[in-house]
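Subject: Structure handover

Dear colleague,

Below is the structure I said I would pass on. My notes on what was found follow it.

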Amino acid sequence: MQRFYITTPIYYVNARPHLGHAYTTFVADTLKRFHRMCGEDARMLTGTDEHGDKIVKAAAKAGKTPQEFVNGVSAEYQALWPKLGIEHDSFIRTTDPAHKASVQALLQRIYDKGDIYFGEYGGHYCTGCERFYTEKELENGLCPQHLTKPEYISEKNYFFRMSKYQGWLKQYILDNPDFIRPERYRNEVLAMLENGVLEDLCISRPKSRLEWGIELPFDRDYVCYVWFDALANYISALGWPENERDESGDYCKYWPGEHLVAKDILKPHGIFWPTMLKAADLPVYRHLNVHGYWLVKDTKMSKSLGNVVDPQVAADVFGLDAFRYFLMREMNFGSDASFSEEAIITRINADLANDLGNLFSRVLSMNAKYFAGKVPALGVRNEADEDLNRLTDDACANYVQLFRQMRCSQALDSLWEPIRAMNKYVDIQAPWSLAKEGSTERLGTVLRTLLEAMYRVAALLWPVMPSSSSAMQEQLGLPCEESSFSATRLDELLKKREHLHSGASIALKSALFPRLEMPAKEEAPKADAKKPKTEKNARGAAEAPAGTKPFIEFPDFEKLDLRVGVILAADQHPHADKLLRFDVDMGEEKPRQICSGIAANFKPEELIGKKVIVVANLPPRKLRGLESQGMILTAEWPGGLTLLSADAPAGSTIR
Ligand code: ME8
């Protein structure tokens, strides 16, 4: 029996699960189900990444010990997945004793081979990324991911001789074109390997700086770098190294597996992990499947921007299967996609309520009306019936092939061809006219042709929408039995055109996907008597009242991100009399440094503790040599100036 092992990243426990985490985990669950449906022995792994600096800081902020803190957030992840219908087979935590032992074994093996050495290192360390950056990698001296200034740290550490494997990895990627897919990410990794020499990887942190990690087996004064620890989860979860040579053990059965990640963690998965495996003489993974980001209003989701989508709320509001369908259909695997209420409602109404739901509803109610809910017999088929069957055959075959290539959105698109064609077929064949004419045999053939094609489509949808697919199969009188999944059954779904039994009772009606109401659009402000009259300019566009700046569009206004900040520290700018320098708490990991030209109006010490309003999404810029990461808003009048304020916690959004 073929085996399929799919993994998600193990998520950091410094944040609560959001749409992005749910997406990757849904894809993994869908792929696992897909491979089960194909008759394979499929297994899925997810888990939580619990060591490192970030976690220590988040725990301290929450007033907990790291262990208490990670237990709490990991439990949230573990509780969420079943609620979202996710059926993972194992959940790994990097604080599990078995994982720790496995990481130590991996380190020891590479150390014994001579590929880990002790050396001195100085670098720019970003706590957000938990990694060192070289001068070249920084953008304007800032971490390219977090736009914060890394700390320069120089210390003795252990290094993995990653550079030794640069040539091998490049050749491996060239020889295995879909090792990293889609292609754009393969090219990105190749570019990383081609642009100069790959540096050795610093894989330790001295305990004097960080205790929360796995001890190096060969030096108890150091803990292991989080990425080295985290990546090993993919094999530690299979019981490696104990069962490395045991054919009946999980490691031999399931490794090498398939990884699923977003583009943010391409480098550790595309470079660190295969070289680590190679150094340990272990086989590399089958494929690294890389997807894009879910954006909200074209912006990356982040806690500080307050635009994080809670997957459980979305599943409750839109329905779990509809939410899953939307995510799988809307994101072209590899590219970014936008999440919005409008987008999900539009998609659900068009594809599920109108196309699929409507098809089931009309065909089942006609069958109830004309055949008392019994499956009608097939008569002679005409060209239109054959066309529909051929289209269904092709679409089903494409669906399976596209799924195997991780092209889930295109796979679903392909399956919607027969669904739309069936709705057209109903319109053209007009069963109601056949009934009126008394053409019972032809009426039966039309409905039976539809019911059969509906069954094949419904059954194939199981990996994406398990409950709805089961409900549809049940309505057609053939309940979905997971125990019957096999390669033969899949082959039948792809090729066999008759599955239902003539005369069997099927559902009399179906109401699967209710249409959703689009939320009322925010109305453009109506010009009324109290508001200043607007003038039209030469092109007929409205002009702003005299004395104000020209009108802007509402979407332009929406781009502004205004936040409440609390001034933690204030002092005179060292090189500019007019500027004050502040540390402002914006509810983020670190306070922001902001410079503001208000030295003539305030003494620095009188502003400490003051709540201010900050434009939070201006790009950082240097003001007389100091970087300013935002702008504090003021109200001004002739001869006076004050700071805008709001009585709300740091980080609150202003709308
Ligand atoms: O990176 N859109 O954990 P993490 C799509 N612990 N997917 C998103 C997303 C978004 N906006 N945001 C997050 C780590 N994800 C490490 C991984 S693995 C050995 C260690 C998903 O909690 C996506 O899968 O930051 C991304 O790769 C992952 O969450 C990052 O999760």
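Which residue in strand 11 does E215 stand opposite? The residue is V223. Before the rest, please keep in mind that this is a predicted model.

Strands 9, 10 and 11

E215 belongs to strand 10, which covers residues 215-216. Strand 10 is joined to strand 11 by two bridges, and the two strands run antiparallel. They form a hairpin, with two residues between them. Strand 11, residues 219-224, also pairs with strand 9, residues 204-206. That pairing is antiparallel as well and runs over three bridges. Within strand 11, Y222 stands opposite P206. As general background, strands of a sheet pair through backbone hydrogen bonds, either parallel or antiparallel.

The six-stranded sheet

An open sheet is formed by six strands in the order 3-2-1-12-13-7, with parallel pairing. Strand 3 (90-93) and strand 7 (180-181) are at the edges and have a single partner strand each, so one side of each has no neighbour in the sheet. For strand 7, two bridges in the parallel sense connect it with strand 13, residues 287-291. R181 has N289 of strand 13 as its bridge partner.

R181 also takes part in a backbone feature that you may want to look at: the peptide bond from R181 to P182 is cis, with omega near -5 degrees. P182 is in the loop between strand 7 and helix 6 (183-194).

Other backbone points

A second cis peptide bond to note runs from W240 to P241, with omega near 10 degrees. P241 is found in the loop between helix 8 and helix 9. L147 is not a glycine, yet its phi is positive, at about 55 degrees. Its place is the loop between strand 5 (131-133) and strand 6 (151-160).

The ligand

The ligand is surrounded by 23 residues, and the closest are I10, T24, D49, D264 and W294. For D264, an N or O atom of the side chain is 2.8 Å from an oxygen atom of the ligand. Two backbone contacts can be added. A backbone N or O atom of Y12 is 2.9 Å from a ligand oxygen atom, and a polar backbone atom of G20 lies 3.4 Å from a ligand nitrogen atom. On its own the ligand has 670 Å² of accessible area, and the protein covers 93% of that.

Which elements supply the shell around the ligand? Strand 1, helix 1, helix 7 (226-231) and helix 8 (233-236) each give at least two residues. Strand 1 has the largest share, with four residues. By class, the shell contains 13 nonpolar, eight polar and two charged residues.

The second largest pocket

The second largest pocket holds about 270 Å³ of space. Its lining has 19 residues, and R3, F4, H35, E258 and R286 lie nearest the centre. At least two lining residues come from each of strand 1 (3-12), helix 1 (19-37), helix 9 (250-254) and helix 14 (383-404). Strand 1 gives the most to this lining, with three residues. Strand 1 and helix 1 therefore appear in the lists for both this pocket and the ligand shell. By class, the pocket lining has eight nonpolar, four polar and seven charged residues.

The cavity

Rolling a probe the size of a water molecule over the atoms shows where empty space is left. In the whole structure, one cavity of 30 Å³ or more is found. The volume of this largest cavity is about 40 Å³. Its lining consists of D53, Y125, E130, R205, R209, L210, Y225 and V226. Four of these lining residues are nonpolar and four are charged, with no polar residue in the lining.

Regards

Key: Residues numbered from 1 in each chain as written. Predicted model: local features only at pLDDT ≥ 70, side-chain atom pairs only at ≥ 80, totals over all residues. Heavy atoms only, no water. 1 Å grid on protein atoms, 1.4 Å probe; cavity = no way out; pocket = protein on both sides within 12 Å on 5 of 7 lines; lining within 4 Å. Points joined across faces, edges and corners; volume = space filled by probe spheres on them. Nonpolar A, V, L, I, M, F, W, Y, C, P; charged D, E, K, R; others polar. Near = heavy atom within 4 Å. Polar contact = N/O pair within 3.5 Å; in protein donor to acceptor, adjacent residues only side chain to side chain. Areas by Shrake-Rupley, 256 points an atom, 1.4 Å probe, with all protein chains shown as cover. Pairing = 2+ DSSP bridges.
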